[in-house]
Amino acid sequence: MTSTKTFPKRTLGSSGIQVSAIGLGCMSLSGIYGSVSDDDGIALIHEALDHGINFLDSSDAYGAGHNEELLGKAIKGRRAEVVLATKFGNLGGKDGRFADGRPEFVVASCEKSLKRLGVEVIDLYYQHRIDPSVPIEDTVGAMAKLVQQGKVRALGISEASPATIRRAHATHPLAAVQNEFSLLYRADAEETLATTRKLDIALVAYSPLGRGLLTGDVELAETDARKRHPRFASENLSSNLSLVRRLEDLAQKKHCTRGQLVLAWLLAQGDDIIPIPGTKRKERLLENIGAASVKLTAAELAQISDAIPVGAAAGLRYPEAQMKSVYV
Ligand SMILES: NC(=O)c1ccc[n+]([C@@H]2O[C@H](COP(=O)([O-])OP(=O)(O)OC[C@H]3O[C@@H](n4cnc5c(N)ncnc54)[C@H](OP(=O)(O)O)[C@@H]3O)[C@@H](O)[C@H]2O)c1
């Protein structure tokens with residue numbers, strides 16, 4: 001089946017690649033935030049495609065390759081409908097290492113991802129974590145060769161600071177930077193935007209629902225990796241939920257959910273921003289993409305920003321040991 005629905009589109013920097021204004025973050029389809037069957041994960045991806053959501057976000061780190069294999073199965077026969085984004089080089093702190101940006105690692109990782117995804121070309125290939133021990137010019141230089149070889153269409157980097165973005169972009173034009181961006185954690189992203197806008201790079205907003213916290217639903221299964229995240233820690237959670245409650249009246253007035261309100265707020269920050277909320281559930285997928293229909297006035301946008309001001313979140317964005325591996 002091919003999608004019959006159209007969805008508002010945004011462009012990935014100067015690459016000319018058009019993606020749905022809201023993408024689908026597929027990370028949690030590999031058991032990161034509690035379990036889900038592959039059949040249900042594939043059905044969810046099909047539902048997204050059926051609604052014109054064409055921007056699928058993965059990484060070789062999600063489920064140690066499982067996520068890419070799942071996407072490969074899901075898009076079989078539907079490749080032309082999909083803008084496929086994946087990433088390499090996030091070691092997650094294994095043996096004390098968070099990133100690998102060595103050129104030979106880039107080449108080997110891409111080969112493995114292509115195989116797992118079952119495709120000939122990756123539309124958007126990101127470095128997932130910046131490796132401070134390898135000059136970014138060397139890493140992006142190796143990624144640029146993948147473009148020249150036709151294995152990758154466009155490049156991105158994730159959890160990158162403005163200085164790194166400028167150096168990477170000077171080596172090869174970046175189509176996108178993927179950084180965490182939500183109402184709850186936005187100091188780094190807003191600083192990033194000043195640079196990405198100047199260079200015509202899209203900002204892909206990951207964890208746009210604050211890893212679910214901004215919806216107010218914070219029931220976490222025992223196996224849920226979010227249990228490690230300071231924002232959900234008992235000493236921070238009630239303070240964060242009190243921020244979220246400040247959105248309730250406006251959400252009711254707009255006849256939408258809090259999750260839709262925060263996604264609509266993100267979309268309104270600029271046409272260069274593409275949120276990629278993740279969910280394992282079809283009804284929430286539909287709710288999230290429904291955010292594109294929520295229109296906010298300038299006064300409402302200011303009211304939302306004021307309700308959860310920059311820096312109001314309790315708890316670091318990542319567990320302390322990981323903080324040195326982000327926004328590098
Ligand atoms: N580049 C990076 O370093 C990086 C890091 C993290 C994430 N990402 C990408 O960004 C994507 C999204 O981030 P994320 O999954 O961390 O966070 P998110 O999208 O902010 O939130 C996802 C969480 O919210 C819940 N949720 C989703 N829609 C909901 C709704 N309408 N109502 C209530 N709860 C809802 C989901 O639970 P259910 O599944 O139960 O609905 C899930 O636990 C990931 O899939 C991944 O592709 C990238």
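## A tour from Cys26 to the ligand

Start by selecting Cys26: with a relative accessible area of 0%, Cys26 is buried. Keep in mind while you click around that this is a predicted model.

**Stop 1: the cysteines**

Stay on Cys26 and look for a sulfur partner. There is none to find, as the structure holds zero disulfides. For Cys26, the nearest cysteine sulfur belongs to Cys110 and is 18 Å away. A disulfide here would need the two sulfur atoms within 2.5 Å, so Cys26 is in no disulfide. Now jump to Cys256, another buried cysteine, with a relative accessible area of 12%.

**Stop 2: the sheet**

Next, show the strands as ribbons and colour them one by one. You're after an open sheet of eight strands with parallel pairing, and its order reads S3-S4-S5-S8-S9-S10-S11-S12. Which strands stand at the edges? Strand S3 (24-25) and strand S12 (273-275) do, and each has a single partner strand, so one side of each is left without a neighbour in the sheet.

Now walk across part of that order. Select strand S8 (residues 122-127) together with S9: the two run parallel and are joined by five bridges. For one residue pair to label, take Leu124, whose bridge partner in S9 is Ala154. Strand S9 itself (residues 152-158) is mostly covered, with six of its seven residues buried.

Step over to S10. Three bridges join S9 to S10, again in parallel, and Gly156 is the residue to pick if you want to see what stands opposite Ala176 in S10. Leave Ala176 highlighted, as we'll use that residue again in a moment.

How many of the five residues of strand S10 (residues 176-180) are buried? Five of five. Turn the strand to check its two sides: Ala176, Gln178 and Glu180 are buried on one, while Val177 and Asn179 are buried on the other, so both faces are covered.

Go one strand further and S10 meets S11, with five bridges joining the parallel pair. Here Ala176 turns up again, this time opposite Ala202 in S11.

**Stop 3: helix H2**

Leave the sheet strands visible and select helix H2 (residues 66-75). Seven of its 10 residues are buried, which leaves H2 mostly covered. To see them, show the side chains of Asn67, Glu68, Leu70, Leu71, Ala74 and Ile75, and mark Gly72 as well. What covers these buried residues? Bring up helix H1 (38-50), strand S4 (55-57), strand S5 (83-88) and helix H3 (103-117), which are among the covering elements. Before moving on, look at Gly77, which follows H2 and has a positive phi, near 85°.

**Stop 4: Thr192 and helix H6**

Now pick Thr192, which is found in helix H6 (residues 187-199). Is Thr192 buried or exposed? Its relative accessibility is 0%, so Thr192 counts as buried. Show its surroundings: leaving aside residues up to four places away in sequence, Thr192 touches Ala160, Pro162, Ile165, Val177, Asn179, Leu203 and Tyr327. Two of those names should ring a bell from S10, where Val177 and Asn179 sit together on one side.

**Stop 5: two positive phi values**

A quick reminder for this stop: most residues other than glycine have a negative phi. Follow the chain out of H6 to Asp200, in the loop between H6 and strand S11 (202-206). Asp200 is not a glycine, yet has a positive phi of about 60°. At 43% relative accessibility, Asp200 counts as partly exposed.

Continue past S11 to Ser207, placed in the loop between S11 and helix H7 (234-245). Ser207 also has a positive phi without being a glycine, here about 45°. Unlike Asp200, which counts as partly exposed, Ser207 is buried, with a relative accessible area of 13%.

**Stop 6: the ligand**

Finish by centring the view on the ligand. Around the ligand there are 30 residues, and the closest are Tyr33, Asp57, Leu209, Thr279 and Lys280. Try a few distances to the ligand's oxygen atoms. From Thr279, an N or O atom in the side chain is 2.5 Å from one of them. From Arg211, a backbone N or O atom lies 3.0 Å from a ligand oxygen. For Gly25, a backbone N or O atom lies 3.3 Å from an oxygen of the ligand. Then switch on the surface: on its own the ligand has 900 Å² of accessible area, and the protein covers 97% of that.

Definitions and conventions:
Residues are numbered from 1 along each chain as its sequence is written. This is a predicted model: local features need pLDDT of at least 70, side-chain atom pairs count only at pLDDT 80 or more; totals for chains, interfaces and linings use all residues. Side-chain values use heavy atoms; hydrogens and water are left out. Buried means under 20% relative accessible area, exposed over 50%, partly exposed in between (1.4 Å probe, protein chains only). Helices (H or I, at least four residues) and strands (E, at least two) are DSSP runs, numbered from the N terminus. Contact means heavy atoms within 4.5 Å. A residue is near a molecule or strand if one of its heavy atoms lies within 4 Å of it. A polar contact is a pair of N or O atoms within 3.5 Å; within protein, one must be able to donate a hydrogen and the other to accept it, and residues adjacent in sequence count only if both atoms are side-chain atoms. Accessible areas come from the Shrake-Rupley method with a 1.4 Å probe; for residues, only the protein chains shown count as cover. Two strands pair if DSSP finds at least two bridges between them.
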